[in-house]
Amino acid sequence: MTKDEKIRSILQRGVEEIIHKKHLESALRSRKKLRVKLGIDPTSPNIHIGRAVVLWKLRAFQDLGHQVVFIVGDFTGQIGDTSDKDAERPMLSESEIKKNMATYFEQAYKILDREKTEVHYNSKWLSKLGFAEIGQLANLFGMHEFAARENIAKRLKAGKRVSLRELLYPLMQGYDSVAVKADVELGGTDQRFNLLAGRTIQQAYGMEPQDVLMMELLEGTDGRKMSSSWGNVINLN
């Protein structure tokens, strides 16, 4: 494939939405080496093929010469992302997270080039944040923005509990983008709120906001989105 063909494939294949496409395309055609971020929480011992879709997109950036930044969410995994959930996600213990991520890299390197992958655990910076900085991050968002998310709105309407902990997750994922100086972040369409939070938080820290590339969600064995929480997955192994 020519460089133009590789760029078209990155921007089109399996892609649902890009923010902002023209800016990202221009960056890909420049000589700049982009820092392309993907974070995965080890909520299960296995990486399933739904997540592999995004890993393959990350590999495409890697093959084009850009710097892939793979974040294992050992801290965010304990908190739990509520993006696609119709009920509160239980908190995981530190020991559960350590057990789950034991073979994460072995699985990810079935797709990513080990020698060209920059790896981070987000506990490195998130565990050090104090109330003052968390308060500043929280001040960037309104409760109405979080409550407007479709799954949260449904839960509130049904009288189901929504914990304050769940409100903090997008702040943490967004702060990851600051910590690794991301130019681009990848994720599924269910991650839209969290991915955009990264742009907002980067701007608050005086950084240029990352471009966001969202992939179509892969259907699981029961017709819903493939998810470790629902057990409707086909694992890489």
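# Exercises on a predicted chain

The chain has 12 helices and six strands. The model you're looking at is predicted. Grab the structure and let's work through it.

## Exercise 1: Overall shape

Task: How does the radius of gyration of the chain compare with what the globule rule gives for 237 residues?

Solution:
- Step 1. Start with the value for this chain: its radius of gyration is 17 Å.
- Step 2. Now take the rule, which gives 18 Å for 237 residues.
- Step 3. Put the two together: the values are close, so the chain is as compact as a globular protein of that length.
- Step 4. For a feel of the outline, picture a box of roughly 55 × 40 × 30 Å along the principal axes, filled by the C-alpha atoms.
- Step 5. As for burial, 47% of the 237 residues count as buried.

## Exercise 2: A strand and its neighbours

Task: Which residues of S6 lie on each of its two faces, and are they buried or exposed?

Solution:
- Step 1. Find S6, which covers residues 211-215.
- Step 2. Here's a handy idea: in a regular strand, side chains alternate between the two faces of the sheet.
- Step 3. Sort the residues by side: Asp211, Leu213 and Met215 go on one, Val212 and Met214 on the other.
- Step 4. Check burial: five of the five residues in S6 are buried, so both faces are covered, given that buried means under 20% relative accessible area.

Task: Which strands pair with S6, and in what sense does each run?

Solution:
- Step 1. Take S1 (residues 15-19): this strand pairs with S6 in the antiparallel sense, over four bridges. Ile18 has Leu213 of S6 as its bridge partner.
- Step 2. Then look at S5, which runs parallel to S6 and is joined to S6 by five bridges. In this pairing, Glu185 stands opposite Val212 of S6.
- Step 3. Trace the chain from S5 to S6: the path goes through helix H12 (residues 192-204), and this β-α-β crossover is right-handed.

## Exercise 3: The empty space inside

Task: How many cavities of 30 Å³ or more are counted, and what lines the largest cavity?

Solution:
- Step 1. How do you look for a hole? Rolling a probe the size of a water molecule over the atoms shows where empty space is left.
- Step 2. The count comes to one cavity of 30 Å³ or more.
- Step 3. The volume of the largest cavity is about 570 Å³. Its lining takes in 37 residues, and the closest to the centre are Gly39, Arg51, Asp190, Gln191 and Lys225.
- Step 4. Match the lining to the fold: strand S2 (35-40), helix H3 (49-63), helix H11 (164-179) and strand S5 (184-188) each supply at least two lining residues.
- Step 5. Sort the lining by class, and you get 12 nonpolar, 14 polar and 11 charged residues.

## Exercise 4: Backbone oddities

Task: Where is the cis peptide bond, and which residue has a positive phi although it is not a glycine?

Solution:
- Step 1. Go to Ile19 and His20: a cis peptide bond joins them, with omega at about -5 degrees.
- Step 2. Place His20 in the fold: this residue sits in the loop between S1 and helix H2 (21-29).
- Step 3. Move on to Lys181, which isn't a glycine and yet has a positive phi of about 55 degrees. You'll find Lys181 in the loop between H11 and S5.
- Step 4. Lys181 has a relative accessible area of 54%, which is over 50%, so Lys181 is exposed.

## Exercise 5: Buried, exposed or in between?

Task: Are Tyr104, Leu167, Asn46 and Leu217 buried, exposed or partly exposed?

Solution:
- Step 1. Tyr104 lies in helix H6 (residues 104-108). At 0% relative accessibility, Tyr104 counts as buried.
- Step 2. Leu167 is in helix H11 and is partly exposed, with a relative accessible area of 23%. Leu167 and Asp81 are 86 residues apart in sequence, and their C-alpha atoms are 9.3 Å apart.
- Step 3. Asn46 belongs to the loop between S2 and H3. Its relative accessible area of 24% makes Asn46 partly exposed. Along the chain, Asn46 and Ser229 are 183 residues apart, while 11 Å separates their C-alpha atoms.
- Step 4. Leu217 comes in the segment after S6, and at 40% relative accessibility Leu217 counts as partly exposed.

Methods:
Residues numbered from 1 in each chain as written. Predicted model: local features only at pLDDT ≥ 70, side-chain atom pairs only at ≥ 80, totals over all residues. Heavy atoms only, no water. 1 Å grid on protein atoms, 1.4 Å probe; cavity = no way out; pocket = protein on both sides within 12 Å on 5 of 7 lines; lining within 4 Å. Points joined across faces, edges and corners; volume = space filled by probe spheres on them. Nonpolar A, V, L, I, M, F, W, Y, C, P; charged D, E, K, R; others polar. Buried < 20%, exposed > 50% of the residue type's maximum accessible area, 1.4 Å probe, protein only. Pairing = 2+ DSSP bridges. Right-handed = clockwise from strand over helix to strand, strands pointing away. Rg over C-alpha atoms; globule rule 2.2 N^0.38 Å.
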